[in-house]
Amino acid sequence: MRKVKFDVAISTILKNDTRFKSDAYYFLREALEKTVKDLRPGELVEHSHISARELLTGFKEYALNQLGPMALPILESWGVNSGRDVGQMVYNLIQVEAFGKSEDDDPRDFEGWMSFADAFQGPYRPTGPVLATPTERVTTLEQPYRGNKPATTSEA
């Protein structure tokens, strides 16, 4: 199968399906390339095949590495809200012959095993207490006693 240029593939997809921004497709390609490089060093991306789970895991790691705590809002702004959306983008790219697939691949492989909220917000949630306990709180703050005099520069 002859693969089309990626820019042409994205233009073709966006004519028919505007759910996902072009940035999402480029990000997906970068995540795929990084995942293949990490999982199968020495293989060309064009000749490698990875599972949906491997791609989603690599996509998550790449997003956290590149986008940090902003990963979820950025992905959402591109229209990518779930593993299913990543799978839909993959199959859009397969349909225009920018990506290949094996006989065993199925779009449903991308569904249901990863919560984007947990994947992209979880690493940044606090692990310990956030607020002081009631016994640690200061209940009153003593104000300096000035009587009826205004504050001076030494008290301010």
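**Entry 1: H2 against H5**

I began in this predicted model with the place where Ala-24, Tyr-25 and Leu-28 of H2 meet Val-86, Met-89, Val-90, Asn-92 and Leu-93 of H5. Sorting the residues of this contact by class, I noted seven nonpolar, one polar and no charged. I then looked up the geometry of the pair, and found that H2 and helix H5, which covers residues 83-95, pack at an angle of about 90° with their axes 11 Å apart. Since angles of 65 to 115 degrees count as roughly perpendicular, I entered H2 and H5 as roughly perpendicular to each other.

**Entry 2: H1 against H2**

Next I turned to helix H1 (residues 6-16) and helix H2 (residues 22-39), whose axes come within 10 Å and cross at roughly 140°. I therefore recorded H1 and H2 as oblique to each other, because an angle has to be over 145 degrees to count as roughly antiparallel. For the handedness I wrote down that the crossing of H1 and H2 is right-handed. On the H1 side I listed Phe-6, Asp-7, Ile-10, Ile-13 and Leu-14 as the residues making the contact, and on the H2 side Ser-22, Tyr-25, Tyr-26 and Arg-29. The class tally for the contact of H1 with H2 came to six nonpolar, one polar and two charged residues. Going back over both lists, I marked Tyr-25 of H2, which takes part in the contact with H1 and also in the contact with H5.

**Entry 3: Thr-35**

I then followed H2 to Thr-35, which is found in that helix, and asked myself whether Thr-35 counts as buried or exposed. Its relative accessibility is 5%, and the cut-off for buried is under 20%, so I entered Thr-35 as buried. Leaving aside residues up to four places away in sequence, I found that Thr-35 touches Ile-50, Glu-54, Gly-58 and Phe-59.

**Entry 4: the protein as a whole**

Last, I stepped back to the overall make-up, and counted six helices and zero strands in the protein, so that, by the way helices and strands are assigned, the pattern read along the sequence is α-α-α-α-α-α. Of the 156 residues in the protein, I noted 33% as buried. Among the contacts with a separation of 6 or more, I found that 69% are accounted for by residues 24 or more positions apart. For the surface I wrote down an exposed area of about 10800 Å², of which carbon and sulfur atoms supply 50%.

Methods:
Residues numbered from 1 in each chain as written. Predicted model: local features only at pLDDT ≥ 70, side-chain atom pairs only at ≥ 80, totals over all residues. Heavy atoms only, no water. Axes fitted to C-alpha atoms, helices over the stretch in contact; angles between N-to-C directions. Helix = DSSP H or I, 4+ residues; strand = E, 2+ residues; numbered from the N terminus. Parallel < 35°, antiparallel > 145°, perpendicular 65-115°, else oblique. Left-handed = near helix turned anticlockwise from the far one by under 90°. Contact = heavy atoms within 4.5 Å. Nonpolar A, V, L, I, M, F, W, Y, C, P; charged D, E, K, R; others polar. Buried < 20%, exposed > 50% of the residue type's maximum accessible area, 1.4 Å probe, protein only. Areas by Shrake-Rupley, 256 points an atom, 1.4 Å probe, with all protein chains shown as cover.
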